[in-house]
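Here's an informal walk through a multi-chain model, written for someone who likes to know what touches what. Have a look at it first, then read on.

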Amino acid sequence: MQYQSQAVAKPYFIAAIGLFVGQILFGLIMGLQYVMGDFLFPAIPFNVARMVHTNLLIVWLLFGFMGAAYYIIPEETESELFSPKLALLMFWIFLVAGALTVVGYLLVPYAALAKMTFNDLWPTMGREFLEQPLPTKLGIVVVALAFLFNITMTILKGRKTSISLVLLMGLWGLAVFFLFSFYNPSNLVLDKYFWWWTVHLWVEGVWELILGALLAFVLIKVTGVDREIIEKWLYMIIAMTLITGIVGMGHHYFWIGTPEYWQWFGSVFSALEPIPFFMMTVFAFNMVNRRRREHPNKAATLWALGTGVMSFLGAGVWGFLHTLAPVNFYTHGTQITAAHGHMAFYGAYVMVVLTIISYAMPVMRGRAANSNKSQVLEMWSFWLMTVSIVFITLFLTAAGILQVWLQRVSTTPLGFMAAQDQITLFYWMREFTGLVFLTGLVLYIISFFVGGESKEAA
Amino acid sequence: MNNIENQRSRFIRPCTRVWIALLVLTGITYGIGRMELGGAQIVMLVLVITFIKGEMVAGFFMGLRKTSLLWRAIMASWLVIVGGGIAIAYLVGLK
Amino acid sequence: MSQAFTKSMARNIFFGGSTFFFLLLVALTFDTMQVLPKRDHRENITPAVAHGKMVWEKNNCIGCHTLLGEGAYYAPELGNVYKRRGGEFVKAWIQSRPAEGTPGARRQMPQFNLTPEELDDMVAFLKWTGEINTSNWPPNIEG
Amino acid sequence: MSTQSLTLDKHQPGTPPGDMAIWLFIYAELLAFGVFFLSYAFARAHNVELFNESQQHLNRESGAINTVVLITSSYFVVRAVAAIREGLSRQCAHWLSAAIGLGGVFLVIKLFEFHAKFSAGISLSTNTFYMFYLSLTIFHFMHVILGMVILAAVMLKARRGGYTAEHHTGVETGASYWHMVDLLWIILFPLVYVIR
C-alpha cells in the first residue's frame, strides 16, 4: 500500500461484504415466499423483505463505492487523504444509520416507522428503492457531502488524473441526483417522472462513471497498459454512456402518463445503450491481452473481465430485450424486468465492487496478491455466483415470457394469480439457484481466511 | 508539392465541382417536392439522388475517398441501410 | 489505434456530448410539463386523492404490487384495479386480510388496520390513478 | 516535402481525417439519426394519409434553402481545410467564419419555421408526424449549434495561428463533424419535406 490513509477503505469493504450477505439472505426469503406464501408470515411480509433486499443492495454498493474512492484517490492523486479521521467517522455514522434503518424495517410496521420518523412533515417514504425514513435520507446526504468534501479536497491538493476526475464527477452526480428523492408531489405522474431522475440517472448514468473509473484503475494496475490509452477509452465509454443513457431515460416514460413521444425517444436512445457496455467488454479484454506485466492477482483480473462481459449481457442485452416500446407494452412490470434487474446489477455494480475489493484487499493486507489456494477459491466463488446469476436470469426470463403470454397476449387472459400459479416451477428453480449463489458467496468470504504462501508486495 | 501547385493554379477545384453538383441535385429534389410528385419510381429517384449526395459529401468533403475500404464501407452501408429502409417503408405504406 | 485518437478529444466529446444530451432532456422535460395536465387530469386530485397516495406510501404497497407497472412483481397491478374490481371490492379485500395470514395460501397480504377514512381515500387515489392517460397500458384488464 | 506526408499528417495511412475519437462519435450519431429516420419512415408507412396531409403544411422552400445553405457552408469548411493544408491560417479562419455565418443563417431560417409552427399551436403532441418533424429538426438544430461551437473554437485557434500545414488535426476534426451535420440534413430534407 503506497499511502497510509488508503487503509480506511478496509472497514468499508468489510461492511460492504457483510451487507451483501444480508441482501442475499433476504433475497432467498423472498424467493421462497414466491412459492410458499406463508413462509415467515406475518413476521417478515414480502414487502418488508423486498425493501431490506433492495436497500441493502444500494447501501452495500455505496459502501463499496466509498471504500473504492478512499482507496483509489490517494494513489491517483499521489497524496494522503485529506482527513482519514473524517472518513472513519463517516463510516460509523453510515453503518449505524443503515443498521438502525434495517432494524426499523424489521421490527416496526412500516406505517408506524413513518410516523416515528416525521414522514407526515415531509412525506418521502414508500416509493420503490427510496423507502428510507426521512432521517436516513438526510443522513445519506450528510455522509455523502462529508465524503465528497474529503475526496474533493484530496484531489485539489494532489495530482489530477482523468480517473480521479471521472470518479469524482460520478460521485458528485450521485449526490446531486439523490436530491430528487426529496421531491414527492401528490401527483403520481410527476412523482414517478422525477423519481426516475434519481433511479435512472443513478444506475444508467452517474454510477456508470464510477464503474468506468474503478474498472480503469484496476486495469491499469493489473495490466500495466499505458494510462493514456486506458483513460481515453474511459472517456469514450462514459461519453457513449451518457449520450445514450440520458435521453434513454425515455424508456421509463412509456406508460406512466407521460406524452407519447417518449416512446420514440426512449426506444431509439435506449436501443443504443448496449453500445457503451459492448465497448467496455472490448476494452477490458483488449487491455488484458495487451498487458505488459503478469500481475500475480489473477482473481482480480478475472473479476474485471467478468464485469465487462456480465454488464454487457445484463444491462446491455437483457435491457435491449424489452426496451423497445412495442415490446415493453407487454413486458412492462413483469418478471422480465426482474430478470434484467438481477443480471444488470450483478454484472455491472456488484462485480465492479468485488473487482476493486479483490484487487485492493490483498494490498491492504500487505501483499500483492493472495496465495494460490485463496485465489483458486475466489475464482470458484466467481464462477458459482456468476453462473448462478445467469441461471436466475434465465429462469426469471422464462417465467416472464410465460407470464406475459398467459396474462397479456393470450386471447383469454388469465388473472395475475392464475398466471403466477402456472410458473411456480421456474420460481422453484430460481430459489434453488439462489442457494448455489449463496454457496458461492460463502466460498468468497472463506477465501479471505485461506492462508498459504502469499505473493510479495509489489 | 506538385499536387497543391496544380490545385492552386486550377480555376475550379474538384471540391467546387462537387459543391455545384450537390446544388444541382438539391434543385432536382426540391423540384420534385414542389410538383408534389409521388409514387414508387419518383421516391426511388429521390432516394438515389440522396444516396449520391451522401456519398459525395462523405467521399469528397469528409475525405473518406482516400481512406481504406473499411471506412468507406461503413459509411456506404449506413447510407444503403437508411435509404433502403426508407424505400421499404415507403413500399409498405403504398399498400 | 492510431496516435490521432487523443485523450483530450475523447474528453471533449464526453463533456460536449453529455451537456448536449442533458440539455435535450431538459427541453423534453419542459415540453412534458406543458402536456402533462391534459394527461394526468390533475384537476381531479382532491385532498382525498392526495391523502390516499400517502396511505399507499405509508403502508409500502409498492413492496408487493406494481402501480402503472412499477414496483414489485409479487402481487397484481393496481393501476387499473378500480376498473377491474371496483372500489367496494378493494376496500373489502384490504379489510378482510387475516392478521396471522391464511395457512397454505399462495401469497400473503398483511392486515394493515386502515381506518374507514383511509380506505376511502386509498380508493379515491386508485380511481384517479386509473384515469391517467397511460397510452392504453396495460394491454388488458388483468394488468 | 511530398504530398503524402502533407495529406496524411500524423495519420496512419487509410484512416479518415481528424481525430479518431470524433469518428467514433460521428458513427454513434449516425446510428442514432439512422434509427430515428427509419422510425419516421415506418411510422409513416402505418399512417400515410396523416403524414401526407401534414407534410403539406411544411415550408418546403425554407427546407430547400437550408439545404443549399448547409451544403455551401460545408463547402466553405472544405476550403478552410485546404487552406490550412497549405499553411494559410488567416484564410482558413476566414473560410471558417463564413461557414459559421451560414450556420447562423440556417438557424435563423429554421427559427422562422419553428415560430410559424408553434404559433399555429403545433407541438410534439399534435400528431405523430409533427412529433417526428419537431423531434428530428430540433435534434438536428441542436447539432448545428454544437457544430458551430466546435467550428468557432477551431476558428479562434486558427486565427491565433494555432495550426500549421503539418499539424492541423483540430481543423479536420471540426470539419468532419460539420460535414456530418450537413450529411444528416441532406437525408432529412427529402425524407421529411419531399417524399410523399
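What follows goes from chain A to the interfaces, then to the core and to confidence. Keep in mind that this is a predicted model.

**Chain A on its own**

Chain A is a helix story: it has 16 helices and 0 strands. Its radius of gyration is 22 Å, close to the 23 Å the globule rule gives for 458 residues, so chain A is as compact as a globular protein of that length. If you want a box for it, the C-alpha atoms fill roughly 65 × 45 × 45 Å along the principal axes. Of the 458 residues in chain A, 60% are buried. Sequence separation is worth a look too: take the contacts in chain A between residues at least 6 apart in sequence, and 80% of them join residues at least 24 apart.

**One covered helix**

For a close-up, pick helix α9 of chain A, residues 261–271, where 11 of 11 residues are buried. The buried set includes the aromatics A:Tyr261, A:Trp262, A:Trp264, A:Phe265 and A:Phe269, and A:Gln263, A:Gly266 and A:Ser267 are buried in α9(A) as well. What do the buried residues of α9(A) pack against? Within chain A, the partners are α8 (227–248), α11 (298–321) and α12 (325–331). The list also takes in α1 of chain C, plus α2 (20–45) and α6 (128–159) of chain D.

**Who touches whom**

There are 4 pairs of chains in contact, and chains A and C share the most contacts. Two of the interfaces are set out here, each from one side.

| Side described | Residues from each chain | Largest share | Classes |
|---|---|---|---|
| Chain C, touching chain A | 62 residues from chain C, 62 residues from chain A | α1(C), 17 residues | 29 nonpolar, 19 polar, 14 charged residues |
| Chain D, touching chain B | 37 residues from chain D, 40 residues from chain B | α7(D), 10 residues | 24 nonpolar, 8 polar, 5 charged residues |

On the chain C side of the contact with chain A, the elements giving two or more residues are α1 (7–40), α2 (47–58) and β2 (70–71) of chain C. On the chain D side of the contact with chain B, α2, α4 (60–85) and α7 (169–194) of chain D each supply at least two residues.

Some pairs don't meet. Chain A and chain B have no contact, and their closest C-alpha atoms lie 14 Å apart. Chain B and chain C don't touch either, with their nearest C-alpha atoms 14 Å apart.

**The largest nonpolar core**

Which residues have the most contacts inside the largest nonpolar core? They are D:Ala80 and D:Leu96, in a core of 276 residues. The element giving the most to this core is helix α7 of chain A (residues 188–223), with 24 residues. Leaving aside neighbours within four places in sequence, D:Leu96 is in contact with D:Ala80 itself, along with D:Val77, D:Leu151, D:Val154, D:Met155 and D:Ala158.

**How far to trust chain B**

Chain B averages a pLDDT of 89, and 88% of its residues score at least 70. Which elements of chain B have the lowest and the highest mean pLDDT? Helix α1 of chain B (residues 2–9) has the lowest, at 49, while helix α3 of chain B (residues 40–61) has the highest, at 96. Where pLDDT is low, the predicted coordinates shouldn't be read in detail.

Definitions and conventions
Residues numbered from 1 in each chain as written. Chains lettered and ligands numbered in written order. Predicted model: local features only at pLDDT ≥ 70, side-chain atom pairs only at ≥ 80, totals over all residues. Helix = DSSP H or I, 4+ residues; strand = E, 2+ residues; numbered from the N terminus. Rg over C-alpha atoms; globule rule 2.2 N^0.38 Å. Buried ≥ 20, exposed ≤ 12 C-beta atoms within 10 Å, placed from the backbone. Contact = placed C-beta atoms within 7 Å. Nonpolar A, V, L, I, M, F, W, Y, C, P; charged D, E, K, R; others polar. Core = buried A, V, L, I, M, F, W, Y, C linked by C-beta atoms within 7 Å. pLDDT = per-residue confidence, 0-100.
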